[in-house]
Amino acid sequence: MGLVSTNVAEWGGAKSAARARQILTLRGVTLSFGGVTAISDIDLDVAEGEIRAIIGPNGAGKSSLINVISGVYRPDRGTIAIGDTVFADVPGSRVARLGIARTYQNLALFKGLTVLENVETGRAATVSSTFIEQVIGIGRARREEADTRARSEAVIDALHLTSVRDRLVGTLPYGVQKRVELARALVSEPRLLLLDEPMAGMTAGEKQEMAGFVLAARDRFNASIVLIEHDIGVVMGLSDRIAVLDYGRKIADGTPDAVRADQRVIDAYLGVAHDDDIIEESNA
Amino acid sequence: MTTASIPLPRPASAIGRVPTWPLPLAVIVFAYAGIPLFASDYLYDAILAPFLALSLAAVGLNILTGYAGQVSLGSAAFMAVGAYAAYNFNLRVEGLPLLASIVFAGLIASAVGVVFGLPSLRLKGFYLAVSTLAAQFFVQWTLTKFSWFSNYNPSGVIDAPALNVFGYVFEGPHGRYLFSLSVVVALTVFAARLVKTQTGRNFIAVRDNETAARISGVPVLHTKLLAFAISSFIIGVAGVLWAFAYLRTVEPHGFNLDRSFQILFIIIIGGLATIRGAFFGAALIVVLPLVLSRAGTFLFGSYFDSGVLDMSQRILVGALIIVFLIAEPDGLAALGNRIARRLRLKSPTN
C-alpha cells in the first residue's frame with residue numbers, strides 16, 4: 001500500500017504540521033456476525049481537523065465501521081485509539097464523554113421529543129445535577145439547564161432549524177430530521193463526528209446545504225469528521241482523504257484524486273467503464 | 001412512515017405559543033374552592049376519593065410506562081407496599097408525623113420498585129411486563145403470609161390511622177378529600193416539572209431509541225432505575241391515599257392484579273406520556289361503572305343486577321381499550337387537543 005504513505009505525506013504537507021495530530025487510530029479491526037465477516041483487518045487514521053470519507057458499495061462494511069468506533073458493536077479483533085486512549089472495544093456509554101458524536105444511516109431520533117428537546121438531549125452527558133435539583137430548578141441544575149438551552153439554540157440557529165424548533169421531530173420531513181440529528185451530535189461539541197450517510201435520500205439542493213453544514217461542523221465547531229456518503233461528487237468535494245472499502249476490506253486510501261485514479265477502486269466501486277469517463281462524470 | 005409528506009410548517013409556530021400553566025391552575029383552584037360548594041358525601045367518598053388515588057397512581061405509572069417506556073404490571077403491588085409501609089411506620093415508630101410516614105412509605109415502595117425494575121436492564125416490552133408480574137404476586141403473597149405486616153390482626157384487614165397533619169386532623173368526607181387533593185396536587189406538580197427537565201427528556205430518549213440515547217450520553221441504566229424509583233414512590237403514596245383516605249382500611253386483596261391492569265388501562269385510555277391523561281383516564285374508569293349501573297337499571301330494570309353490571313363493565317372497558325388503541329393511540333388527552341383545535345379553527349377570531 002504505497003498509496004497510503006505517499007498521500008499522508010502529501011496531506012500533511014498541505015496543512016500545518018500542528019494540526020496533524022491523530023484523533024482516531026484503528027489497527028487491524030475485524031468484526032464478524034456469526035461467521036459472516038463485516039469488516040476485516042481495517043487500519044484507519046483520522047487526523048485532527050480532517051474530513052475523512054469512507055466509501056464503498058452497499059454491504060462493504062462502512063456502517064459497521066462507524067458502529068465499532070462509536071461502541072455500538074464490539075469488534076472481534078484489533079484496537080481503536082481515540083486520542084491517546086486505546087480500546088479493544090469502545091464503551092458505548094462513554095463515547096459522548098470521550099468526545100465522539102454520530103448520526104445514523106436510518107434516523108435514530110427521539111420521536112416523542114421536539115427538535116429543541118432532541119438537540120438538548122445531545123448534552124445529556126454534561127449534566128451532573130440530580131433530578132430533585134432539576135425539578136426544583138436551583139443552583140447547578142439551573143445553570144446546566146440554561147447552558148444546555150443556550151448551546152442548543154445556537155446549534156439550531158446555525159443549522160437553520162429555528163422555524164421548526166418546537167415541532168415534534170416525527171412530524172418533520174426526512175431531510176430536516178437528518179439535520180436535527182446533525183444538530184444533536186454537534187451540540188455536544190465533539191472532537192470526532194461520525195456521519196453515516198448524512199445526505200442519503202436528499203434532493204440536490206438539500207445535499208448542497210448539508211455539505212455546507214458538514215464543512216461548518218469542522219470549521220466552526222472544530223470537529224474532525226468521518227463521513228460515509230454515496231454521492232461521489234459530494235465526497236470528492238468535501239473530503240481531505242478517502243478510504244475505500246469493499247467486502248469488508250480497505251482497498252484504497254488517499255486523497256480524492258489518488259483514489260479516483262486507483263484501478264481497484266474503479267473496478268470495485270466507481271464502475272467498470274474506462275477511467276477517463278469516470279473522472280469526467282464525477283467532475284460534472 | 002408517512003412523515004415525509006408533511007410540509008414544512010410556517011415559521012410562526014414558535015411565536016404563537018401559549019403559556020401552559022393557567023389551565024391546570026384554574027383546575028386546582030376549582031378543586032379546592034369550587035367542588036366543596038356542591039359536593040355531597042357520596043361524591044367525596046364514592047367518586048372523588050378513588051378518583052384521586054387512582055389518578056395519582058396513573059401519574060406514577062405514566063412516568064415509568066408512558067415516558068420511560070418500561071411496561072409494568074406491578075402497580076397495585078407498589079400501592080400495597082406504600083399502604084402497608086405507611087401503616088407500619090405509623091404504628092411502630094412512636095411520634096412519627098403522618099406525613100413523614102407517607103414519605104418513608106414512598107421511599108420503601110421506591111426501593112421495592114428498583115429491585116423489581118432490575119430486569120428492565122436486560123428485558124424489554126412484553127418480557128419486562130411479565131417479569132413485573134413477579135412483583136404483583138410476590139408482594140401480595142408476602143403481605144398475606146407474614147401477619148407482622150398487618151400487626152397480627154386475624155382478619156388481615158386493619159383500620160387506617162386518622163389523617164393527622166401537625167395536629168390538624170382531616171376528618172369527614174370533605175377533610176379526607178382536601179388531604180388527598182393536596183397530596184395529589186403536590187406530586188402531580190412534581191411530576192409535571194420532572195418530565196420537562198433533562199431527566200424527563202432522558203426518559204423519553206430511552207423509550208424512543210435506547211441505542212441513540214446511550215451513544216448521546218444518556219445514562220441508560222441509571223435512567224431506567226430512576227424511572228422505576230420515582231414511579232414507585234408516587235404509586236406507593238397513591239396506595240397510602242387509597243387505603244387511608246378512601247377505603248380507610250388496609251388489606252392486601254384490594255391491591256390485586258385487576259388493580260394493576262386498571263391503572264394501566266387508565267393511562268392507555270387517558271393518554272400515554274401526558275400528565276392530564278392520567279386524570280382523564282381515572283375519571284372515566286371511576287365514573288363508568290356508576291353511569292353504567294344507572295343506565296342499565298333504567299333500561300333493563302331488575303335484570304341488570306351486579307353480576308351483569310360487572311360483566312358489561314368489563315366488556316365496555318375492553319372495547320374502549322381496543323377503540324382507543326386503533327383510533328386514538330394517544331388517548332383522551334390527544335382527543336381533547338383535537339377538539340380544542342377544531343373549535344379554535346371554527347372561531348372567527350383565529
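Analyst: First, a bit of vocabulary: contact means heavy atoms within 4.5 Å. This is a predicted model, where local features need pLDDT of at least 70, side-chain atom pairs need 80 or more, and totals for chains, interfaces and linings use all residues. Residues count from 1 along each chain as written, chains are lettered from A and ligands numbered from 1 in written order, and side-chain values use heavy atoms, without hydrogens and water.

User: In what order do the 4 strands of the open sheet in chain A sit?
Analyst: Helices (H or I, at least four residues) and strands (E, at least two) are DSSP runs numbered from the N terminus, and two strands pair if DSSP finds at least two bridges between them. Here the pairing is antiparallel, and the order is 2-1-4-5.

User: Which strands of that sheet stand at the edges?
Analyst: An edge strand has a single partner strand, so one of its sides is left without a neighbour in the sheet. In chain A that goes for strand 2 (36-47) and strand 5 (85-87).

User: By how many degrees are neighbouring strands of this sheet turned against each other on average?
Analyst: Axes are lines fitted to C-alpha atoms (for helices, over the stretch in contact), and angles between N-to-C directions run from 0 to 180 degrees. With direction ignored, the average turn in this sheet is 20 degrees.

User: What is the bridge partner of A:Leu24 in strand 2 of chain A?
Analyst: Strand 1 (residues 22-33) and strand 2 of chain A pair in the antiparallel sense, over 8 bridges. Across from A:Leu24, the partner in strand 2 is A:Val46.

User: Which helix of chain A packs on the sheet, touching strand 1, strand 2 and strand 4?
Analyst: Its direction makes about 115 degrees with that of strand 1 of chain A. The strand 4 touched here spans 77-82, and the helix, residues 62-69, is helix 2.

User: And the 6 strands that form an open sheet in chain A: which order?
Analyst: The pairing is mixed in this one. Strand 6 (100-102) and strand 10 (249-254) stand at its edges, each with a single partner strand, and neighbouring strands are turned by 15 degrees on average, direction ignored. The order is 6-7-8-3-9-10.

User: What is the bridge partner of A:Leu193 in strand 8 of chain A?
Analyst: Strand 7 (residues 192-196) and strand 8 (residues 224-228) of chain A run parallel, joined by 5 bridges. A:Leu193 is matched in strand 8 by A:Ile225.

User: At about how many degrees does helix 6 of chain A run to strand 7?
Analyst: Helix 2 of chain A lies across strand 3 (51-55), strand 6, strand 7, strand 8 and strand 9 (241-246), at about 150 degrees to strand 7. Helix 6 (residues 174-186) lies across strand 6 and strand 7 of chain A, and its angle to strand 7 is about 165 degrees.
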